[in-house]
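Here's a fold to pick apart by asking how each label is earned. Have a look first, then we'll go through the reasoning.

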Amino acid sequence: MKNSTSTSPGVESTHPEPPTAAARVEAVEVDTRERVLQSILECGPSTASQLAERLGLTPAAVRRHLATLTDNGAIGSREQRVYGPRGRGRPSRVFYLTDRGRADFYQAYDELAVDALRALASVAGSLAVSELAERRVADVEARYRLARSEDPDATPVQALTKALSATGYVASVQPVSSGEQICQHHCPVAHVAAEFPQLCEAETQLFGRLLGSHVQRLATIAHGDGVCTTHVPRPVAPTS
């Protein structure tokens, strides 16, 4: 007797074919590469060893995925900056997201925004672009004040970092010997800011005003750096 699940001649089965072993392996590979990209986005430029530790993979596996991502232009690499005396051996390489790699994540502005700002500047001048940039960072300020009210124990820098992450900048804070650094691992307006620095200037001025500090912008994604980095100096103790 024939199996009851068999289909009659000329009738297509309604059951989809199960994925092949090769397809399943490829799906896992793609998912792992997306995890690598996400880790670099959230934590900034990273070495293969750092990625392996964060993702629970072997360094060899990570390097294989990094090679694929480099070949398709999603990431680039450079020698790791070494501060102080350099040890023996070649310096490690750090991997960072390229514009193409960032395109896998959302961008709030595109070429249309650039064209619109060009038209605005040609008609109303650069001052109009600066005013528009100031209105844009108002959302960050509103979220900052909300974060301060929700968590009064949070420091101003922590509240600002939370507000930036809520608006798509994937921000973190890093302590340094002279104060703190706010690191923005993603910039949804990077392509626009590359041509219109007023966006970065308005943001930096907002940071200084909210934190009551003379902050300094050290690096920006718009100018080719892997992370937007802003230094917040430690307050100077008053002298007697």
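A contact here means heavy atoms within 4.5 Å. Keep in mind that this is a predicted model.

Q: Which residues of helix 7 and helix 10 meet by that cut-off?
A: On the helix 7 side they are Val140, Glu141, Tyr144 and Arg145. Their partners in helix 10 are Leu206, Arg209 and Leu210.

Q: Why is helix 7 called roughly parallel to helix 10?
A: The axes of helix 7 (residues 138-150) and helix 10 (residues 198-211) cross at roughly 25 degrees, coming within 11 Å. Angles under 35 degrees count as roughly parallel, so helix 7 gets that label relative to helix 10.

Q: What is the handedness of the crossing where helix 7 passes helix 10?
A: That crossing is right-handed.

Q: What makes Ala48, Leu51, Ala52 and Leu55 lie on the same side of helix 2?
A: These are the buried residues of helix 2 (residues 48-55), and buried means under 20% relative accessible area. Around the axis they cover an arc of only 100 degrees, so they end up on the same side of helix 2. The general background: an α-helix has 3.6 residues a turn, so residues three or four places apart point the same way.

Q: What follows helix 2?
A: Glycine 56 does, with a positive phi near 70 degrees.

Q: How much of the whole protein is buried by that under 20% cut-off?
A: Buried residues are 39% of the 240 residues. The protein has 10 helices and six strands, and its accessible surface is about 14800 Å², 54% of which belongs to carbon and sulfur atoms.

Methods:
Residues numbered from 1 in each chain as written. Predicted model: local features only at pLDDT ≥ 70, side-chain atom pairs only at ≥ 80, totals over all residues. Heavy atoms only, no water. Buried < 20%, exposed > 50% of the residue type's maximum accessible area, 1.4 Å probe, protein only. Helix = DSSP H or I, 4+ residues; strand = E, 2+ residues; numbered from the N terminus. Arc of directions from axis to C-beta. Areas by Shrake-Rupley, 256 points an atom, 1.4 Å probe, with all protein chains shown as cover. Axes fitted to C-alpha atoms, helices over the stretch in contact; angles between N-to-C directions. Parallel < 35°, antiparallel > 145°, perpendicular 65-115°, else oblique. Left-handed = near helix turned anticlockwise from the far one by under 90°.
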